[in-house]
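Dear colleague,

I am handing over the structure we spoke about, placed just below, and my notes on it follow. Please read them with the model open beside you.

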Amino acid sequence: MTAGGAGDSAKGRDSAARRNRLRVYQEQLLEKMQAARTGAGASAGQLGLAIGGGRYLVDLTEVGEIVAPVPLTAIPMTRPWYLGLANVRGNLLGVVDLARYLDEEHDGAPGAGAGAAPRLVVLAPALGVNCALLASQVHGLRQAATMERAGDVLRDAEGMTWTPLSLAALVREERFLHIAR
């Protein structure tokens with residue numbers, strides 16, 4: 001037995017516990033997303049996303065899944081906001097840096113804190129576009145109904161502002177559908 005044997009065992013237990021907590025969280029999120037799609041139960045709310053320097057709310061019915069970033073295959077002669085293709089469980093998805101899409105002058109620097117974990121937000125199959133959006137961070141479920149409207153944005157109890165974002169409207173935009181330069 002090596003001197004690090006006990007430490008390695010503890011690390012393995014910690015890793016297994018983290019994986020278990022992540023699995024439980026993903027199952028709970030999946031249940032809420034399915035409830036939103038079927039209209040069962042109370043309103044499932046919206047998903048809070050950090051994109052660039054802004055916070056956005058998207059309807060859970062428009063989200064297929066959330067995954068950690070995977071390697072991308074760059075596609076030449078495309079817009080700067082089109083990052084390339086990703087293989088997510090055998091499905092090829094075009095990946096869009098939404099911060100750059102919304103603000104073409106955006107420099108690509110992450111807008112969330114240093115500890116933020118970027119994610120790919122895969123669009124729901126019902127939207128008809130094999131696409132994922134790069135989010136700086138996923139803030140979890142939010143209830144827009146409990147927020148105060150201030151013009152085009154919503155303000156939560158902590159004073160944070162959120163901009164509603166319709167992914168269904170986004171995928172109908174002519175500019176979004178034409179990625180070539």
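Let me begin inside the protein, where Trp81 and Tyr101 are both buried. Please keep in mind throughout that this is a predicted model.

Trp81 also pairs with Phe176, and this aromatic pair is stacked, with 6.3 Å from centre to centre and 10 degrees between the planes. Since Trp81 lies in the loop between S4 and S5 while Phe176 belongs to helix H4 (residues 174–177), the pair ties together parts that are 95 residues apart in sequence. The relative accessible area of Trp81 is 0%, which makes Trp81 buried, and Phe176, with 4%, is buried as well.

A search of the whole structure gives 3 aromatic pairs. In the one formed by Trp81 and Tyr101, the ring centres are 4.9 Å apart and the planes stand at 85 degrees, so this pair is edge-to-face. Here too distant parts of the chain are linked, with Trp81 in the loop between strand S4 (72–73) and S5, Tyr101 in helix H2 (residues 98–102), and their positions 20 residues apart in sequence. Taken together, ring pairs join Trp81, Tyr101 and Phe176 into a cluster.

Tyr101 has a charged partner too, for the charged end of Arg175 sits over the Tyr101 ring, 3.9 Å from the ring centre. Elsewhere, Arg55 lies over the face of Trp162, at a distance of 5.9 Å from the centre of that ring.

Turning to charged pairs, how many salt bridges does a search of the whole structure find? The search finds 2. In one of them the side chains of Glu65 and Arg89 meet, with a nitrogen-to-oxygen distance of 1.9 Å. This pair links distant parts of the chain, since Glu65 is in strand S3 (residues 63–67) and Arg89 is in the loop between strand S5 (82–88) and strand S6 (91–97), 24 residues apart. Glu65 is partly exposed, with a relative accessible area of 27%, whereas Arg89, at 63%, counts as exposed.

Arg89 deserves a second look for its backbone, because most residues other than glycine have a negative phi. Although Arg89 is not a glycine, its phi is positive, at about 50 degrees. Met77 is likewise not a glycine and has a positive phi, of about 65 degrees. Met77 is found in the loop between S4 and S5, and with a relative accessibility of 64% Met77 counts as exposed.

The other salt bridge is formed by Arg100 and Asp97, whose closest N and O atoms are 3.6 Å apart. Are these two residues buried or exposed, or something in between? Arg100, at 24% relative accessibility, counts as partly exposed, while Asp97, at 8%, counts as buried.

One polar residue may also be of interest to you. Ser136 is found in the loop between strand S8 (131–135) and strand S9 (137–142), and at 14% relative accessibility Ser136 counts as buried, because the cut-off for that label is under 20%. The Ser136 side chain reaches the backbone nitrogen of Gly52, at a distance of 3.4 Å.

Finally, some figures for the chain as a whole. Its secondary structure comes to 4 helices and 12 strands, and of its 181 residues, 32% count as buried. Among contacts in the chain with a separation of 6 or more, 60% are accounted for by residues 24 or more positions apart. The accessible surface of the chain comes to about 10,700 Å², and 53% of this belongs to carbon and sulfur atoms.

If you would like a place to start in the viewer, I suggest the cluster that ring pairs make of Trp81, Tyr101 and Phe176, followed by the salt bridge between Glu65 and Arg89.

With best wishes

Technical notes. Residues numbered from 1 in each chain as written. Predicted model: local features only at pLDDT ≥ 70, side-chain atom pairs only at ≥ 80, totals over all residues. Heavy atoms only, no water. Salt bridge = Lys/Arg side-chain N within 4 Å of Asp/Glu carboxyl O. Helix = DSSP H or I, 4+ residues; strand = E, 2+ residues; numbered from the N terminus. Buried < 20%, exposed > 50% of the residue type's maximum accessible area, 1.4 Å probe, protein only. Phe/Tyr/Trp six-rings, centres within 6.5 Å; stacked < 30°, edge-to-face > 60°. Lys NZ or Arg CZ within 6 Å of the ring centre and 35° of its normal. Contact = heavy atoms within 4.5 Å. Areas by Shrake-Rupley, 256 points an atom, 1.4 Å probe, with all protein chains shown as cover. Polar contact = N/O pair within 3.5 Å; in protein donor to acceptor, adjacent residues only side chain to side chain.
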